[in-house]
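Visitor: I have a model open and a few things to ask about it. Can we go through it piece by piece?

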Amino acid sequence: MLLLSFHENLHIAFALLSLTAGSAGAAIADVTIDACVAQNSNTRPSLAADMQSLCALSSSIGALMGFSLSGIFVHLIGPKGVFGLLSIPAGLVFLVGILLDEPFMPNFSYRQVNQKFVDAGKAMWRTLKFPDVWRPCFYMYLSIALSIDIHEGLFYWYTDSKGGPSFSQETVGFIFSIGSIGSLLGALLYQNVLKDHPFRNLLFWIQLLFGLSGMLDLMLVLRLNLKFGIPDYFFIVIDESVSQMIGRLKWMPLLVLSSKLCPPGIEGTFFALLMSIDNVGLLSSQWGGGFLLHLLKVTRTRFDNLWLAILTRNILRVTPLCLLFLIPRGDPNASLLPTEILGPKEEAGTPENENIELVSLVSSVDGK
């Protein structure tokens, strides 16, 4: 990011390389934290929801601060100055990595790292073959992929001067920053009210509300809010807040469920695999939304069929209700892994290690 900030005429290849490196660093830090959370979710199943709630709360607060301050900093110091400021959070993450307490392993043979990766791959494949594992993974992918993303069409409609509210891009960004408060409220609501409910029952009601909340977009595009005397700005803020709150409530149990599906010894690697599956679902959602907008001829200036795209999206949002049988019905605070995967110590509930570590892939070299 500093490279983008200091060089005025930076070649586009180096600019893309810098942005890719920044994204890769953030992804590595994210996977590291996810590994710690997944490992402790296995050793302390009753705290899995609390740890995910804490992560979601921190993420929502960070998003709220980012949305609120980004526009101000862009006007004060310009885009290049903002890129320079982005190096501060990266430095703080680096500092946290230095302070992370991990045991020293003096006799570890680094020649066996490749073999450990092969063993981890075999363990992941063996785990995915269990119905108790692949069925929730399949549901998570479909529930995300079927919630097609037509946000691009709505964004252009927000800024359209003929059929839309004619908001500026800065106004839309500010509306999204206010809407991120809904994400914060969703994390708090899950932590204080919903975390002890069974996964299947909780996802049923949240998925149903997720589909119904899309009707607010339909009311907005059909201009029904004006017939009720509700201004566009106020209605969009409510719509965005409700959407982000329900989206957070939908995401939280899936994260907790993912952390409970990670087998001992490869928690971080397997959780990264599950997040990759979810990311493929997000890509499928974006591709599906783009294809639907193209099929209905919704462009930057044509919005005649936008209401139909919203209605189709809302119907697809509730279709995962037919697949809820793939989700376990048991206690969310208990371990969900089959006994064939859990070792005797994990099954008995006596964790081998009380520390938060990220060395599980290499800690059992001498124990084979």
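Visitor: Where does Thr159 sit?
Guide: This is a predicted model. In it, Thr159 lies in the loop between H7 and helix H8 (169–194).

Visitor: Is Thr159 buried, exposed or partly exposed?
Guide: Partly exposed, with a relative accessible area of 25%.

Visitor: What does the side chain of Thr159 have for polar company?
Guide: A polar atom of the Thr159 side chain lies 3.1 Å from the backbone oxygen of Tyr156.

Visitor: And how far is Thr159 from Val172 in space?
Guide: The C-alpha atoms of Thr159 and Val172 are 8.1 Å apart, and the two are 13 residues apart in sequence.

Visitor: Back to H7. Which of its residues are buried?
Guide: In helix H7 (residues 151–158) they are Gly153, Leu154, Trp157 and Tyr158. Seen down the axis of H7, these buried residues fall within an arc of 140°, so they line one face of the helix.

Visitor: Why would residues spaced like that point the same way?
Guide: An α-helix has 3.6 residues a turn, so residues three or four places apart point the same way.

Visitor: Which residues does UniProt give as "transmembrane region"?
Guide: The unreviewed UniProt entry places that feature at residues 53–74, 81–100, 138–159, 171–190 and 202–222.

Visitor: How much of 138–159 is helix in the model?
Guide: The span is 73% helix and 0% strand, with its end C-alpha atoms 37 Å apart. For residues 202–222, the figures are 90% helix and 0% strand, and the end C-alpha atoms are 31 Å apart.

Visitor: New topic: salt bridges. How many in the whole structure?
Guide: Two. One is between the side chains of Asp217 and Arg313, at 3.0 Å, N to O. Asp217 lies in helix H10 (residues 215–221) and Arg313 in helix H14 (residues 306–318), so this pair ties together parts that are 96 residues apart in sequence.

Visitor: Are Asp217 and Arg313 buried or exposed?
Guide: Both are buried.

Visitor: What about Asp232: which residue does its side chain meet in a salt bridge?
Guide: Arg223, at 2.7 Å, N to O. Asp232 is buried too, at a relative accessible area of 12%.

Visitor: Then there's Asp239. What is its nearest side chain of opposite charge?
Guide: That is Arg313, 6.8 Å away. A salt bridge has to come within 4 Å, and Asp239 has none, although it is buried.

Visitor: Which helix holds Asp239, and what does it touch?
Guide: Asp239 is in helix H12 (residues 232–260). Leaving aside neighbours within four places in sequence, its contacts are Tyr158, Ser213, Leu216 and Asp217. Of those, Tyr158 is one of the buried residues of H7, and Asp217 is the salt-bridge partner of Arg313.

Visitor: One more residue, Gln207. Where is it, and what does its side chain reach?
Guide: Gln207 is found in helix H9 (residues 199–213). Its side chain reaches the backbone oxygen of Arg317 at 2.6 Å.

Visitor: Buried or exposed?
Guide: Gln207 counts as buried, at 1% relative accessibility. Beyond four places in sequence, its contacts include Tyr139, Ser143, Ser147, Lys250 and Arg317.

Visitor: Last, the whole protein. How many helices and strands?
Guide: There are 15 helices and zero strands. Buried residues make up 38% of the 368 residues.

Visitor: And among contacts between residues at least 6 apart in sequence, what share joins residues at least 24 apart?
Guide: 81%.

Notes: Residues numbered from 1 in each chain as written. Predicted model: local features only at pLDDT ≥ 70, side-chain atom pairs only at ≥ 80, totals over all residues. Heavy atoms only, no water. UniProt positions renumbered as here; feature names shortened; annotations may be inferred. Helix = DSSP H or I, 4+ residues; strand = E, 2+ residues; numbered from the N terminus. Buried < 20%, exposed > 50% of the residue type's maximum accessible area, 1.4 Å probe, protein only. Lys, Arg positive; Asp, Glu negative; His and termini not counted. Contact = heavy atoms within 4.5 Å. Arc of directions from axis to C-beta. Polar contact = N/O pair within 3.5 Å; in protein donor to acceptor, adjacent residues only side chain to side chain.
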